[in-house]
Amino acid sequence: MSESDPRIAAAAAYVRARLGDEPFALALVAGTGLGPLAGRLTEAVALPYGEIPHFPASGVSGHAGRLVAGRLSGRRVLLFQGRAHAYEHGDAAAMRVPVGLVAALGAPPLLLTNAAGSLLPEAGPGRLALVTDHVNLSGMNPLYGEASDARFVPMVDAYDPALRAALKRAARACGVPLAEGVYAWFSGPSFETPAEIRMAKALGADLVGMSTVPEVILARFFGLRVAALSLVTNYAAGFEAGTGIGAPHHAETKRVAEQAADDVGRLVAALLSRDL
Ligand code: HPA
């Protein structure tokens with residue numbers, strides 16, 4: 001499926017020529033502030049996104065824009081250091097080529113990470129949360145314009161139950177507390193209003209953010225097993241009215257994410273040291 005898209009085939013041919021054919025145990029997308037994960041990889045080889053045919057640029061500060069292959073816990077990992085957002089490109093399919101590339105390179109499981117606002121009182125800034133499901137509040141879909149019946153992607157258990165269970169076991173094993181919840185996708189780039197956050201809560205959201213959902217839809221379209229981890233950088237807007245905590249800022253998002261990147265690194269290392 002992914003190789004029938006000429007843009008993905010061209011990206012995959014380039015990446016294979018540069019990084020070799022050895023299969024990957026896991027592909028990882030590092031969200032805002034989580035780029036330092038790359039520092040944990042040994043034998044790392046990095047390709048700037050600009051070199052890879054048809055790769056979208058990631059212009060958000062806190063995102064390096066490099067594809068890194070390396071080893072973690074002895075296993076080969078493909079790390080996307082930075083992502084393209086729908087709000088940068090005006091296109092919910094901005095991550096189609098990178099996600100399709102994962103499918104074309106042997107379809108390892110895909111672990112997405114993001115920075116998110118929290119609606120869970122018990123999961124404040126610095127905490128990690130496993131995404132169990134999502135609510136798409138953006139009004140967009142990365143499969144608009146897709147012609148085949150494959151566009152009718154089932155989204156029950158989109159967040160792979162076995163991968164989620166493996167992440168929970170890994171979190172227990174390495175002592176990283178892991179909350180869990182439903183992630184609501186707002187298009188951004190402005191943060192949400194307190195009224196929007198109240199709406200999201202009424203609709204069942206526990207986490208809010210500006211990414212991940214289109215990548216999950218694309219991953220399921222390409223037949224990948226996928227899971228997502230949110231790094232809570234702030235309480236969602238107005239969530240703690242009067243404390244000042246409920247007004248998110250990008251600088252805060254980056255700072256908290258950089259601090260917690262270590263927890264994500266330990267969790268992923270523990271995940272890779274067992275069966276996925
Ligand atoms: N809202 C949307 N995206 C985010 C937030 C938030 O509060 N924090 C980090 N990314």
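Helix H1 crosses helix H3 in a right-handed sense. This is a predicted model. H1 covers residues 6–19 and H3 covers residues 96–104. Their axes lie 9 Å apart and meet at an angle of about 60°. That angle makes H1 oblique to H3. On the H1 side, the contact is made by Arg-7, Ile-8, Ala-11, Ala-12, Val-15 and Arg-16. H3 contributes Arg-96, Val-97, Gly-100, Leu-101 and Ala-104. By class, these residues are 7 nonpolar, 1 polar and 3 charged.

A second helix pair is H4 (residues 161–174) with H7 (residues 250–272). The axes come within 8 Å and cross at roughly 115°. H4 and H7 are therefore roughly perpendicular to each other. H4 passes H7 in a right-handed crossing. Ala-166, Leu-167, Ala-170, Ala-171 and Cys-174 of H4 touch H7. Arg-266, Leu-267, Ala-270 and Leu-271 are the H7 residues of this contact. The H4 contact with H7 has 8 nonpolar residues, no polar ones and 1 charged.

Next comes the ligand. It is surrounded by 12 residues. The closest are Ala-115, Gly-117, Glu-192, Thr-233 and Asn-234. The table lists N or O atoms of the protein paired with a nitrogen atom of the ligand.

| Residue | Part of the residue | Distance to a ligand nitrogen atom |
|---|---|---|
| Gly-117 | backbone N or O atom | 3.4 Å |
| Glu-192 | side-chain N or O atom | 2.7 Å |
| Asn-234 | side-chain N or O atom | 2.7 Å |

Gly-117 takes part through its backbone. Glu-192 uses its side chain, and so does Asn-234.

Definitions and conventions: Residues numbered from 1 in each chain as written. Predicted model: local features only at pLDDT ≥ 70, side-chain atom pairs only at ≥ 80, totals over all residues. Heavy atoms only, no water. Axes fitted to C-alpha atoms, helices over the stretch in contact; angles between N-to-C directions. Helix = DSSP H or I, 4+ residues; strand = E, 2+ residues; numbered from the N terminus. Parallel < 35°, antiparallel > 145°, perpendicular 65-115°, else oblique. Left-handed = near helix turned anticlockwise from the far one by under 90°. Contact = heavy atoms within 4.5 Å. Nonpolar A, V, L, I, M, F, W, Y, C, P; charged D, E, K, R; others polar. Near = heavy atom within 4 Å. Polar contact = N/O pair within 3.5 Å; in protein donor to acceptor, adjacent residues only side chain to side chain.
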